[in-house]
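This report examines selected residues and elements of the structure shown below. Each section takes up one site or one chain.

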Amino acid sequence: MIKYICSILIGSLLISCGNTEGGPGGGSHPLQQEATATAYTVRLPGSNPEEQAILLTQTVYPATREDNAVGAIILVPQDEQIAFTAMHRITHMPVNAPMLYLSQDNTVSEQTLREMKRLKPDGVLQDERTDVYAVNVPAKEVEKVREILGYRVRTFYEEDPIQLASVLDRWQAALKADHPDEVIISAIDHPKGIEHGIGAMGWNAHMGKGFAWVYKDSIPQATKDILERRYGDFGAFMYLTGGSDVISDKVAKQLGRYGLVRRIAGKNVFASNSVNAGYKDFGRNWGWWWDWSPRSLGWGIAQAGHNYIIGNPDDMLYMIPAAVLGHMGKHGPILLVKPDSVPKPTADYLKMVKPFKTGPQETILNFAWIIGDTTSVSTATQQSVDRLLSPFDIPVDTTAYLPKAPILQEKKD
Amino acid sequence: MKWTYPVVAFIVVFVLGFGLTNLIKEELEVSPWSESGAEEGRLMAHTKNVTRLVNAGAADLHAYLKTAIPYEEAKTAEMSPSEKNWQTFFSQSLQVDPEAKNVIIVPGGGKEALEWALPALYYAYFNGSPVLFYENGQLSGSKEHLENKKAFVIGSTDIIPELDDFAEAERVTASSPQQLALKLAEYRDEEAEFGWGREVDRDNGYFHYVLTTPDDALLGLAALSYARSNNATLLYAEEDGGISGELDRYAFAQRSDWFVTPSEGPFRHFWIVSNRISYAAQGRMDFAVEKAEYASMGPVALGDMEALLVILVIWGIASALFVWIHSMYTLPMVKMPIKISWALASLLLPILGPVLYINSYRRPAKEVEKGDWRWIRSHNQQSATATAMGFGYGANLMIVVGFILVWFGFPLFFGEGMEGPFFWLGAGMPIMMIAMYVFAVLIAWALVQYPMKKSMMPGMSNKQVSKMAFITTALSMLAVSLGMMTTSWFMLMNKIPMMPKEDDVLWFASMWLASFVGFLIAWPINWLLIKKQLKPGNV
């Protein structure tokens, strides 16, 4: 008997130990030479939304073991409003899901299917071990995922993003047995509604609060339903992304009957997202005698030592899945730049959080991901961002350094 | 019906044993679901906490980093480093701080000397420490103005013998370059300001690391800029591209925690500059330094709260073993179902279980019928005994049901019909709690309480016994649930930032803690049941 017990114990010990095997790791990855790294930035160089989404999942989830694989995968068509809504509500824990896109003909491409296989979801414990959340994915493609990969798929079919937000709100509430009282609100009919709200969406991917759409001048019924579900002492806490040119003051006033309304807004999309990075609202939510819960929304980052996700406002389909970088790894807000320059609001914000030399053993460091290839964000802009993130003053203009450099990022032997 | 008790005990031990063993198991397998590993189909090599600089050689890497890191403060020599010129390259790169309090003595010469010297060169470059190379029995360079600085000699006496040139000297060495690099990463002489001092308790530092292999030390030297630009310590992987247990241990110790949100700094990052380091090793490093919440420090690692609660579970197992073995050898007059009950209760009541058990049986006893003994106990002790009788089977069964649900995933209901004030009944946790209570009551009623009551009250009809057993089981378990469910909700949904899963010790530990609280709540309620003579407390 003792022998058997000893064998079991030794066996358990053996399977719990080991080392990580070696073997070449350089590889010849097709985009490695495009993934330029500076001291404080690394580029994830997708040339189309589908590829960008795959690069993001490969960056965030090595999937070498269960614990660094995904909880689930979000699969959506290349539709900004649908993807934006899904990323707002599905990504965060306990789901832990990055986003992958259908191809432009609304099918799961071979490269996306292979990536889904590589990711091998752990399954969401709170939701029947679901592996894939398919939002408006054709039934035939859902069947393909089920049959070929054997994954458990939960489908959401709602062509109207406003209704989709409502369905996802109900689903999230069941998942967490709670309605988060903080609700981020973006304008669906404003051409830059998503761009103003992309940073706040990044916060939701990071912290999993509520989301709803409004029109610039009115509130849809589905959004009223979402807001009425909030039971906090003051109802909902609403955060409008964009100024009164994006969501009118009339709507803000009407929303006031559902709770407290705030704006996360700047004069343009760059400013709105810079404000978002530094924005923090906290205080009372609800309390009853021995228990209480504060509201808390926003990154509130106003000092050095953080990470950023940086991309181009014209590439929202690239930026939406990039919010997963704020959900795992170094976590951090989304900032926007122009392809060939760092706009003043973004630069001013980065100057505020610029590190400086501290103690003898280390310096506080910033870090940033650059989303998209050099047509989205130029090499010079990447270098300018690097400069802004660095703890050093720059005596010379280095923006032209990288283009002159020999390309290193490929295995030549 | 005596078979029912060991069957319930077996179910409890089997399921909880499986769950707890599953905690120990650590899967190191690299993506077995892919044909050629997790690297299959990758478009680039970077991961969120590791950047891999694929290169064609030291000259190539050096040229790249001169432009990628263009800062004057992190400038290195214009020449490319090679096995022949590496000392010159370093000397030209080093910006000596005249106020540095230390001087570093490293081996000079060929490639092997570089392997030993490189970890210290990184610190010297970061700190501006003067460096002297020991080669062919001599120290290179001028020792002028260096005598009063504390010397740190890197390497064993086989490489650098004892030196008399300095008033104060200390040797730092290890059995391999890999271990030396790790030693320097943790080493700190505060007075002489030498060593990175990046130990497990440095919770607030923004540490980066350059990772290479000793054979690729030249690549490490080419990436010297990182020592200044990114505060990077040099670490070595194994020559085969894997990582050693020591490096694995160190990297996990560098994982930083978060209290409120994971966007809190600090963050850790690896820069890999060797092509031979495997993707598996990269994945491991990426995982090792991924930020985690304070309570659990993530999967595999052990958080402070986890450590504390693990003690609770281990004490529980020890308590159960003690009670079981003790009762088997010393209490032949106690019936088997009672012994099982005490052992199972002690499993969830570390220390308290054995104390109550001993207190219950170190008392006068009398044999009321042949083989049927009663112990004379105070009312409080009877209440504790009666609680333990129901709790031993019931609370364990509740955890078993909970574990099975967690293992297979919670059902979820969120249809339009679920809207309204009771929407939360569609959520996994309430469903789990209801299922835990209902299934545990049904099993305990049918397989434990009914046969137990039947044997104690042979004169009563089956229907009456059945009804009485059900009421007492339901009431007793409800009392346990009051404490258990409240505590498990507090722990899993409130206290722990992210709800632990079936392979997280915090799930089990929370259940243990919740059960303990459940017992404390049920105890006074059983006091009433004893008083009403609905339960026996002297068996």
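## A lysine in strand S5 of chain B

In this predicted model, B:Lys150 has a relative accessible area of 12%, and because buried means under 20%, the residue counts as buried. B:Lys150 belongs to strand S5 of chain B, which covers residues 150-154.

What does the side chain of B:Lys150 join in a polar contact? The partner is the side chain of B:Glu170, at 2.8 Å. B:Glu170 also appears among the residues that B:Lys150 touches once those up to four places away in sequence are set aside. The others in that list are B:Lys101, B:Asn102, B:Val103, B:Glu168, B:Asp189 and B:Ala192.

## Domains of chain B and helix H13

Chain B is divided into domain 1, residues 41-289, and domain 2, which is made of the segments 303-411 and 423-532. Between the C-alpha centres of these two domains of chain B the distance is 56 Å.

Helix H13 of chain B runs over residues 379-408. Its 30 residues should span 44 Å at 1.5 Å a residue, and the end C-alpha atoms lie 43 Å apart, so the expected and computed spans agree. H13(B) nevertheless has a bend of about 40°, located at B:Phe391. Of the 30 residues in H13(B), 25 are buried, and the helix is thus mostly covered. After H13(B) comes B:Gly409, with a positive phi near 95°.

## Chain A as a whole

Chain A contains 14 helices and 14 strands. Of its 413 residues, 64% are buried. Among the contacts in chain A with a separation of 6 or more, 71% are between residues 24 or more positions apart. The accessible surface of chain A is about 14,800 Å², and carbon and sulfur atoms contribute 55% of that area.

## A buried glycine and an exposed glutamate in chain A

A:Gly210 is part of strand S7 of chain A, residues 210-214. Is A:Gly210 buried or exposed? The residue is buried, because its relative accessibility is 0%. Apart from neighbours within four places in sequence, A:Gly210 is in contact with A:Arg89, A:Pro180, A:Glu182, A:Val183, A:Ile184, A:Asn204 and A:Arg230. A:Gly150 lies 60 residues from A:Gly210 along the chain, and the C-alpha atoms of the pair are separated by 31 Å.

A:Glu159 occupies the loop between strand S5 (153-156) and helix H6 (161-176) of chain A. This glutamate counts as exposed because its relative accessibility is 66%, above the 50% cut-off. Beyond its neighbours within four places in sequence, A:Glu159 has contacts with A:Ile82 and A:Asn136. A:Gln81 is 78 residues from A:Glu159 in sequence, yet their C-alpha atoms are 9.9 Å apart in space.

## Backbone features in the loops

The loop between helix H3 (80-90) and strand S3 (99-101) of chain A holds A:Pro94. The peptide bond leading from A:Met93 into A:Pro94 is cis, with omega near 10°. A:Asn96 is placed in the loop between H3 and S3 of chain A. A:Asn96 has a positive phi, near 55°, although the residue is not a glycine. With a relative accessible area of 10%, A:Asn96 is buried.

Chain B also has a cis peptide bond, from B:Gly265 to B:Pro266, with omega near 0°. B:Pro266 is situated in the loop between strand S9 (257-258) and strand S10 (269-272) of chain B. A positive phi, of about 50°, occurs at B:Asn136, again in a residue that is not a glycine. B:Asn136 sits in the loop between strand S3 (131-135) and strand S4 (138-139) of chain B. Its relative accessibility is 72%, so B:Asn136 counts as exposed, whereas A:Asn96 is buried.

Definitions and conventions: Residues numbered from 1 in each chain as written. Chains lettered and ligands numbered in written order. Predicted model: local features only at pLDDT ≥ 70, side-chain atom pairs only at ≥ 80, totals over all residues. Heavy atoms only, no water. Helix = DSSP H or I, 4+ residues; strand = E, 2+ residues; numbered from the N terminus. Buried < 20%, exposed > 50% of the residue type's maximum accessible area, 1.4 Å probe, protein only. Contact = heavy atoms within 4.5 Å. Areas by Shrake-Rupley, 256 points an atom, 1.4 Å probe, with all protein chains shown as cover. Domains from an automatic or database assignment. Expected span 1.5 Å × (residues − 1). Bend = angle between axes of the 7 residues up to and from the residue. Polar contact = N/O pair within 3.5 Å; in protein donor to acceptor, adjacent residues only side chain to side chain.
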